[in-house]
Amino acid sequence: MKEPQYDLEERLLDYAANIIRLVERMPDTRAGNHVAGQLLRSGTSPLPNHGEAQAAESRNDFVHKFSIRLKELRESRRWLNLIKRVPLTKLPGEVDPVLVETEALIKIFAASIRSAERNTTALSASDTSKKRTVGSASSVER
């Protein structure tokens, strides 16, 4: 895997490509196909969901879409750990770099969600205090 990138779109594209490459090297067995299919869905999902978050209609919608990505990455982490445990690859160490990137992306999205929620809370508190100020001023003017 390459050095971590700071362009999230590119990083998610590389992540999805690495998931696909890993899945393609898994055995053509019942277990291999089942786990590969699950990992393929959860591991490639964050990339298109990133585009959805960029088109969010509100801060709450943005947080929701980030939460979906986080959920998919956490699921991918579980599948990757299972692949390693069985093992479902000839070289169990080849899962490690993908797992490291999964952890890094989980941290990024969890922190982004916390920030967005904090900002939403601060914005709501600001709106409430403005309404109180405006309401108080209106009653004084009467």
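A salt bridge here is a side-chain nitrogen of Lys or Arg within 4 Å of a carboxyl oxygen of Asp or Glu. The exercises below use a predicted model.

**Exercise 1. Find how many salt bridges the structure holds, and test the contact between Glu94 and Arg25.**

Solution.
- Step 1. The structure holds five salt bridges.
- Step 2. Take Glu94 and Arg25: their closest N and O atoms are 2.6 Å apart. The cut-off is 4 Å, so the pair is a salt bridge.
- Step 3. Place the partners. Glu94 is in the loop between H4 and H5, and Arg25 is in the loop between helix H1 (8-24) and helix H2 (30-44). The two are 69 residues apart, and the pair links distant parts of the chain.
- Step 4. Arg25 has 45% relative accessibility and counts as partly exposed.

**Exercise 2. Set out the distance, location and exposure of the salt bridges Asp61–Lys65 and Lys84–Asp96.**

Solution.
- Step 1. In the Asp61–Lys65 bridge, the closest N and O atoms are 2.8 Å apart.
- Step 2. Asp61 and Lys65 are four residues apart in helix H4, so about one helical turn separates them. Both Asp61 and Lys65 are buried.
- Step 3. In the Lys84–Asp96 bridge, the closest N and O atoms are 2.5 Å apart.
- Step 4. Lys84 lies in helix H4 and Asp96 in helix H5, so this bridge ties together parts that are 12 residues apart in sequence.
- Step 5. Lys84 is partly exposed, at 33% relative accessible area. Asp96 is partly exposed too, at 31%.

**Exercise 3. Classify the aromatic pairs of the structure and place their residues.**

Solution.
- Step 1. A search of the whole structure gives two aromatic pairs.
- Step 2. The ring centres of Phe62 and Phe66 are 4.4 Å apart, with the planes at 40°. Stacked needs under 30 degrees and edge-to-face over 60, so this pair is tilted.
- Step 3. Phe62 and Phe66 are four residues apart in helix H4 (residues 59-85), about one helical turn. Phe62 is partly exposed at 28% relative accessible area, whereas Phe66 is buried at 6%.
- Step 4. Phe66 also pairs with Phe109, edge-to-face: 5.4 Å centre to centre, 75° between the planes.
- Step 5. Phe66 lies in helix H4 and Phe109 in helix H5 (residues 96-141), so the pair ties together parts 43 residues apart in sequence. Phe109 is buried, at 0% relative accessibility.
- Step 6. Phe62, Phe66 and Phe109 form one aromatic cluster.

**Exercise 4. Identify the residue whose charged end sits over the ring of Phe66.**

Solution.
- Step 1. The residue is Arg69.
- Step 2. Its charged end is 3.8 Å from the centre of the Phe66 ring.

Conventions:
Residues are numbered from 1 along each chain as its sequence is written. This is a predicted model: local features need pLDDT of at least 70, side-chain atom pairs count only at pLDDT 80 or more; totals for chains, interfaces and linings use all residues. Side-chain values use heavy atoms; hydrogens and water are left out. Rings of Phe, Tyr and Trp (its six-membered ring) pair if their centres lie within 6.5 Å; planes under 30 degrees apart count as stacked, over 60 as edge-to-face and the rest as tilted. Buried means under 20% relative accessible area, exposed over 50%, partly exposed in between (1.4 Å probe, protein chains only). A charge sits over a ring if NZ of Lys or CZ of Arg is within 6 Å of the ring centre and within 35 degrees of the ring normal.
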